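Reader: Hey, got a minute to walk me through this one? I'd like to start with the surface and then move inside.

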Amino acid sequence: MNKNEPAKLKIDKMDKQIISFLMQDAMMPYTEIAKKLIVSAGTIHVRMKKLTESEVVKGTTVNVDISKFGLDLTAYLGV
């Protein structure tokens with residue numbers, strides 16, 4: 001292994017459970033996940049930081065239905 005290569009991340013059962021909860025509801029608070037897994041919210045925060053820094057988790061997205069705002073948008077882009 002090269003010194004510049006990051007160590008291989010070990011994902012355990014708890015990491016998988018955290019990811020599973022967030023895949024169901026990306027806005028679920030860490031405190032709620034912690035209660036479900038019977039650990040502290042700090043534990044969830046530390047694990048999510050590890051998963052994010054190692055790019056296992058690459059971000060979150062929000063999908064907005066603009067029609068709910070009374071807006072309608074159609075765009076055509078030619079390249």
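Author: Sure. Keep in mind that this is a predicted model. On the surface there is a nonpolar patch formed by Val62, Val64, Ile66, Phe69 and Leu71.

Reader: How much accessible area do Val62, Val64, Ile66, Phe69 and Leu71 have together?

Author: About 530 Å² for the five together.

Reader: Take isoleucine 66, where is its place?

Author: Isoleucine 66 sits in the segment after helix H3, the helix that covers 41–53. With a relative accessibility of 33%, isoleucine 66 counts as partly exposed.

Reader: OK, new topic: salt bridges. How many does a search of the whole structure find?

Author: The search turns up 3. Asp12, Asp15, Arg47 and Lys50 are linked in a network of them.

Reader: Nice. What does aspartate 12 pair with, and at what N to O distance?

Author: With arginine 47, at 2.8 Å. Aspartate 12 is in the segment before helix H1 (13–24) and arginine 47 is in helix H3, so this pair ties together parts 35 residues apart in sequence. Aspartate 12 is partly exposed at 33% relative accessibility, while arginine 47 counts as buried at 18%.

Reader: And which other salt bridge does arginine 47 form?

Author: One with aspartate 15, where the closest N and O atoms are 2.9 Å apart. Here helix H3 holds arginine 47 and helix H1 holds aspartate 15, so the pair connects parts 32 residues apart in sequence.

Reader: Are arginine 47 and aspartate 15 buried or exposed?

Author: Both are buried. For aspartate 15 the relative accessible area is 0%.

Reader: So where does lysine 50 come in?

Author: Its side chain meets that of aspartate 15 in a salt bridge, 3.0 Å from N to O. Aspartate 15 is in helix H1 and lysine 50 in helix H3, so the two tie together parts 35 residues apart in sequence. Lysine 50 counts as partly exposed, with 30% relative accessibility.

Reader: Switching to the backbone. What's the phi of isoleucine 38?

Author: It's positive, about 55°, although isoleucine 38 is not a glycine. Most residues other than glycine have a negative phi. Isoleucine 38 is in the loop between helix H2 (30–37) and H3, and it is exposed, with a relative accessible area of 76%.

Reader: And what about glutamate 55, what's the phi there?

Author: Also positive, about 65°, and glutamate 55 is not a glycine either. Glutamate 55 lies in the segment after H3 and counts as exposed at 56% relative accessibility.

Definitions and conventions
Residues numbered from 1 in each chain as written. Predicted model: local features only at pLDDT ≥ 70, side-chain atom pairs only at ≥ 80, totals over all residues. Heavy atoms only, no water. Patch = residues over 30% accessible without salt bridge, like charges linked within 9 Å, V, L, I, M, F, W, Y side chains within 5 Å. Areas by Shrake-Rupley, 256 points an atom, 1.4 Å probe, with all protein chains shown as cover. Salt bridge = Lys/Arg side-chain N within 4 Å of Asp/Glu carboxyl O. Helix = DSSP H or I, 4+ residues; strand = E, 2+ residues; numbered from the N terminus. Buried < 20%, exposed > 50% of the residue type's maximum accessible area, 1.4 Å probe, protein only.
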